[in-house]
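User: Could you take a close look at one helix at the boundary between the two chains, and then set it in the context of the chain it belongs to and of the helix packing elsewhere in the model?

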Amino acid sequence: MEMLRNFSRRRLRTGLTILGVAVGMLAFTVMGGMAEKFDLIIEGGKAYFTHRIAVRSAGGLFRLNLLEPQDIEAVRSVAGVKEVETQILLPLDETAGFELAPRFLVGVDMPGFLRAQELAGDKGRLRLREGAWWQPGQRNVAVLGSAVARRMKLGVGDLLQARGRSFRVVGILEETFSVPDGWVLVPQEDAREVMVQESSLLQMLGIDSFVTNAYALVDPDQGDQIVRQMAASLRGGFLLYSPQELTEAAGQASTLLNTAILGSGVIAVIVGALAVVNTMFIAVAERTREIGIKKAIGASRWDIVREFLLESVLIGLLGGILGVALGALVIYGINWYTQDQGTPVFILTPRLVGTAILFAGLLGAAAGVMPALRAASLDPVAALREY
Amino acid sequence: MERVINSLQWPERASGSALVVAEEVTKVYPGGVRALDRVSLTVRRGEILGIMGRSGSGKSTLLHILGCLDRPTSGEVWIDGVPVTRLPERALPALRLRKVGFVFQSHNLIPCLTALENVALPLRYLRLPARQAMEKARAALEAVGLSDRMHHLPAQLSGGQQQRVAIARALVNSPALVLADEPTGALDSQTARDLLALIRRLSAEQGQTFVVVTHDPLVGQACDRIVTMEDGRIRPPS
């Protein structure tokens, strides 16, 4: 109560200080929302690759980097490989330029794809939000990632035009906030035809059973060992990535990104905290006589320290709450503005909101320590001489 | 803190009717200013003692030392049997809280607290439960005749009312000793008379001991006994 009246006594100064903290926390929240989004992408990637060894070709026929049936069989024959999932991965729209959520046409072989889903673990599995997987042998059908469906405003039963063909949408994937949100799953034969149609070299060579990449489904803890066996038994020219390698690389990328992103947010917040330090020192100077009176009537050092600390914590918390609220507005604004990309650019998680407000409170406390100690160490006789 | 205070022995000479005993108290400020020079003084229980003298005579310094706000360079002070000059610095806030009440010349009150909250402040520092503190504060305000101004902020009170709130606050935790530094200094003479009448009444009703520093002869008349200070010493009675 006393604190609130002190605030209202110095409405402009307290308000500006809270605003300073709020601006810092706004930056922190927006940056944090970006970091959370990257985190989800990377977490999704990690989950996807937990049970998968990625196999790519580094060369092969005419250095087209394609995998051929005998390559797939060689991978399948390595001990510990339970299934090989093959893909033909192409950009969905080669003319789209930069995309926040890149869209891909992903040709999959349905029976192998479904078996891989069974083996991929709970988090590494793609689930349908609506519709159904197509039946083996069906052609020109598609299952859309959620971002693609939203961006292109397509639902089950609609026709998707891509790479000069039309596909009937039969299913929509659940949102993952990760890479598969930008996928269009189609029968592998269709994707292969797209590639062959657009490449005179492939037409000339007359090959018609290649894929662009493959995943060997394995037990997560055997990943490294199987990669070593695979490397030994396959002829050269393959790039193999074990689950551990991919997870580690993802972890490093995520740490680096989060440090960079949150670091800039933290700097903004620290600037706000310095304003709190300044305000609190002014408050101590202004209330010197009050402090003297309080000490004269028996306030202990702790009573005085607590009074000023609580005040700066409150400034921090109010700034934090205001900053997070403004940050949420900015995040929803940007997400609304970029919604035609089909995927949110920032994600405001409860974890981020909690961290931001807690952080603001702690920073308020830290900012209050020096002023509070100064107040507590004032000499009461000298303080009482002030009017 | 209580333990520190109780572990020290009661000196014989501070017992009986003497509430405060100051012995050979000297205060030299850095730079060599001798504010107090071997001052000895006894305050009896229940009396209103006036300390008079010109400004600069050392009366405020003496008051601060009696109130444990300041420490003497040499000499000893006992309050209610406690040898306060022998206590460590950190024991003094608790001692002030329990034994001493203060009334200053003006600007006594915390501006952003209501009259009631100002009076309850020492009880808050005593960690009294809020309801109990408010009840006691209310009673103290009633005793100074301000039951209709409890929820006013200091700025909404007149100078005399503010001083009465300060007296209520000084008395709320029943201290052994109330120290007042020019309590009427900022008041007109009629208001000052009313305030002095209040102090006299409280002293008579509650047996409260007051030490009042003043250079106002009006205040002097209201005291049971007067000592006069000059150049840091107590002038012998003429």
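Analyst: What follows begins with one helix and its surroundings and then moves outward to the chain and to two helix pairs.

The model is a predicted one, and the helix to examine is α10 of chain A, residues 288-296. Between the two chains, 18 residues of chain A are in contact with 18 residues of chain B. On the side of chain A that touches chain B, the elements giving two or more residues are α1 (2-9), α10 (288-296) and α13 (380-384) of chain A. Of these, α10(A) gives the most, with five residues. Taken by class, that side of chain A consists of eight nonpolar, three polar and seven charged residues.

α10(A) is also mostly covered, since seven of its nine residues are buried. The buried positions are E290(A), I291(A), G292(A), I293(A), K294(A), K295(A) and A296(A). Their packing partners come from both chains: the buried residues of α10(A) pack against α11 (301-337), α12 and α13 of chain A, and also against α3 (92-99) and β6 (100-103) of chain B. After the helix comes G298(A), which has a positive phi near 115 degrees.

The chain that holds this helix has 13 helices and 10 strands. Its radius of gyration is 30 Å, whereas a compact globule of 387 residues would have one near 21 Å. Along the principal axes, the C-alpha atoms of chain A fill a box of roughly 100 × 45 × 30 Å. Of its 387 residues, 43% count as buried. Among contacts in chain A with a separation of 6 or more, 83% are accounted for by residues 24 or more positions apart.

One of the partners of α10(A), the helix α12(A), takes part in a further packing within chain A. The axes of α9(A), residues 243-286, and α12(A), residues 350-376, come within 9 Å and cross at roughly 30 degrees. Because of that angle, α9(A) is roughly parallel to α12(A), and the crossing is right-handed. From α9(A) the contact draws on V269(A), A273(A), V276(A), V277(A), M280(A), F281(A) and V284(A). Those on the α12(A) side include F359(A), L363(A), G364(A), M370(A), P371(A) and R374(A). By class, this contact has 14 nonpolar, two polar and one charged residues.

A helix pair in chain B can be set beside it. There, α4(B), residues 115-125, and α5(B) pack at an angle of about 125 degrees with their axes 8 Å apart, and the two helices are therefore oblique to each other. The crossing in which α4(B) passes α5(B) is right-handed. In this contact, A115(B), L116(B), V119(B), A120(B), L123(B) and R124(B) of α4(B) meet residues of α5(B) that include A133(B), M134(B), A137(B), A140(B) and L141(B). The contact has 10 nonpolar, no polar and three charged residues by class.

Within that second pair, A140(B) lies in α5(B), residues 130-143, and A140(B) counts as buried because 23 other C-beta atoms lie within 10 Å. Leaving aside residues up to four places away in sequence, A140(B) touches V119(B), A168(B), L171(B) and V172(B). From A140(B) to V212(B) the separation is 72 residues in sequence and 20 Å in space, C-alpha to C-alpha.

Terms used
Residues numbered from 1 in each chain as written. Chains lettered and ligands numbered in written order. Predicted model: local features only at pLDDT ≥ 70, side-chain atom pairs only at ≥ 80, totals over all residues. Contact = placed C-beta atoms within 7 Å. Helix = DSSP H or I, 4+ residues; strand = E, 2+ residues; numbered from the N terminus. Nonpolar A, V, L, I, M, F, W, Y, C, P; charged D, E, K, R; others polar. Axes fitted to C-alpha atoms, helices over the stretch in contact; angles between N-to-C directions. Parallel < 35°, antiparallel > 145°, perpendicular 65-115°, else oblique. Left-handed = near helix turned anticlockwise from the far one by under 90°. Buried ≥ 20, exposed ≤ 12 C-beta atoms within 10 Å, placed from the backbone. Rg over C-alpha atoms; globule rule 2.2 N^0.38 Å.
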